[in-house]
Amino acid sequence: MTARRRPQVSTRKQPQQVRSTGLVTAILQAAVQVLAQEGVTRFTTARVAEKAGVSIGSVYQYFPNKAAILFRLQTDEWQQTTEMLRRILEDVSKPPLERLRILVHAFIRSECEEAETRLALSDAAPLYRDAPEAQEIRASADRTIDLFMEEVLPEAPAVTRILAGDLITTTLSSVGSSFSGTSRTQTEIKTYADAMADMFCAYLKDLQ
C-alpha cells in the first residue's frame with residue numbers, strides 16, 4: 001500500500017524586496033482573518049486571495065497550496081512562542097523561579113489573546129506536524145527548556161530534569177489551550193496563571 005503523500009508546506013520563494021514582503025504580509029493577515037471567520041475546513045487559497053485583494057496567482061508565487069499558508073501561520077506562532085520562552089528563561093538578571101512565573105503569565109495571556117486562531121491551526125496540524133521545519137522549531141524550544149532545568153536542578157539526575165521539563169511544558173500547553181477555549185477576563189487570567197505558577201514552583205522546589 002502506498003503511503004499517503006503529505007502536501008508541500010515550504011514556501012515557493014522568500015520575498016526579497018519591500019514590495020514583496022508587503023505582499024506576503026498582506027496574504028498572511030488575510031489568512032488569519034479567513035481562518036478566524038471560516039475555520040480550517042472552509043479555508044482556501046482563493047478565499048485568502050480575495051480577502052487580501054490580490055490575484056490567486058500572486059498567492060501562488062509564495063505559497064503552493066493552503067497547507068503552506070497554514071504552516072507559515074503556525075511556524076510564525078511557534079517561533080514567537082519559542083522566542084518568548086528563550087527571552088524570559090534566559091534572563092539571568094532574575095531568579096529562575098521568578099522567570100518561570102513570568103513565563104506562565106505571558107504564555108496564558110498569549111493563549112487567551114489568540115485563542116480563535118490557535119484553535120483553528122490545531123485542527124490543521126495533521127497537515128504539517130511531522131514536517132522537518134516543525135521538528136526544528138520544537139527542538140529549539142526543547143533545548144531552551146533543558147538548559148533552564150539544568151540551572152534550576154543542577155544536582156538532579158538527567159532523567160529527573162527531562163521529566164520535570166516535559167511535565168511543565170505539556171501541562172502548560174494543554175491546560176492553557178483548554179483555559180483559553182472560553183472568553184476570560186484579565187482578572188481570571190491573572191488568577192489562573194498565578195495558581196499554575198505556584199504549582200510549578202512548588203514542584204521544582206520539592207525536587208531541589
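A nonpolar core is a set of buried Ala, Val, Leu, Ile, Met, Phe, Trp, Tyr and Cys residues joined through side-chain atoms within 4.5 Å. The legends below use the term in that sense, and the model they describe is predicted.

**Figure 1. The chain as a whole is built from helices.** The chain has 9 helices and 0 strands. Read from the N terminus, its elements run α-α-α-α-α-α-α-α-α. The chain has 208 residues, and 39% of them count as buried. Its accessible surface is about 12,000 Å², with 52% of that area belonging to carbon and sulfur atoms. Among contacts in the chain with a separation of 6 or more, 72% are between residues 24 or more positions apart. The number of disulfides in the structure is 0.

**Figure 2. The largest nonpolar core has 30 residues.** Leu100, Val104, Ile108, Met149 and Leu204 are the members that touch the most other members. Two or more residues of this core come from each of α4 (66–89), α5 (96–113), α7 (132–152), α8 (158–179) and α9 (186–207). Helix α5 gives the most, with 8 residues. Another core, of 21 residues, lies apart from this one and includes Ile27, Val59, Ile69 and Ala120. In soluble globular proteins, nonpolar side chains tend to be buried together.

**Figure 3. Close-up of Leu100 and its contacts.** Leu100 is one of the buried residues of α5. Apart from neighbours within four places in sequence, Leu100 is in contact with Leu89, Phe148, Ile168, Phe200, Cys201 and Leu204. Of these partners, Cys201 counts as buried, at 6% relative accessibility. Leu204, also in contact with Leu100, is itself among the core members that touch the most others.

**Figure 4. Helix α5 seen along its length.** This helix has 18 residues, which at 1.5 Å a residue should span 26 Å. The C-alpha atoms at its ends are 26 Å apart, so the span in the model agrees with the expected one. The buried residues of α5 are Leu97, Arg99, Leu100, Leu103, Val104, His105, Ala106, Phe107, Ile108, Ser110, Glu111 and Cys112. Arg99, His105 and Glu111 are thus listed as buried alongside residues such as Leu97 and Ile108. An α-helix has 3.6 residues a turn, so residues three or four places apart point the same way.

**Figure 5. Close-up of Cys112 in helix α5.** Cys112 counts as buried because its relative accessibility is 18%, and the cut-off for buried is under 20%. Not counting residues up to four places away in sequence, Cys112 touches Phe179, Ser180, Arg184 and Ile189. The C-alpha atoms of Cys112 and Ser178 are separated by 9.8 Å, although the two residues are 66 apart along the chain. Cys112 forms no disulfide, as the structure holds 0 of them.

**Figure 6. Close-up of Met84 in helix α4.** Met84 has a relative accessible area of 11% and is therefore buried. Beyond residues up to four places away in sequence, Met84 touches Leu103, Ala106 and Phe107. These three partners are on the list of buried residues in α5. Met84 and Phe107 are 23 residues apart along the chain, and their C-alpha atoms are separated by 8.5 Å.

**Figure 7. Close-up of Glu77, also in helix α4.** Glu77 is buried, with a relative accessible area of 11%. Its side chain makes polar contacts with two other side chains: that of Gln74 at 3.0 Å, and that of Thr81 at 2.9 Å. With residues up to four places away in sequence left out, Glu77 touches Glu114 and Arg118.

**Figure 8. Close-up of Asp194 in helix α9.** Asp194 has 22% relative accessibility and so counts as partly exposed, since buried requires under 20%. Aside from neighbours within four places in sequence, Asp194 is in contact with Arg101 and His105. The side chains of Asp194 and His105 are joined by a polar contact of 2.8 Å. His105 is one of the buried residues of α5. Asp194 and Ile102 are 92 residues apart in sequence, and their C-alpha atoms are 9.5 Å apart in space.

Definitions and conventions. Residues numbered from 1 in each chain as written. Predicted model: local features only at pLDDT ≥ 70, side-chain atom pairs only at ≥ 80, totals over all residues. Heavy atoms only, no water. Helix = DSSP H or I, 4+ residues; strand = E, 2+ residues; numbered from the N terminus. Buried < 20%, exposed > 50% of the residue type's maximum accessible area, 1.4 Å probe, protein only. Contact = heavy atoms within 4.5 Å. Areas by Shrake-Rupley, 256 points an atom, 1.4 Å probe, with all protein chains shown as cover. Disulfide = S-S within 2.5 Å. Polar contact = N/O pair within 3.5 Å; in protein donor to acceptor, adjacent residues only side chain to side chain. Expected span 1.5 Å × (residues − 1).
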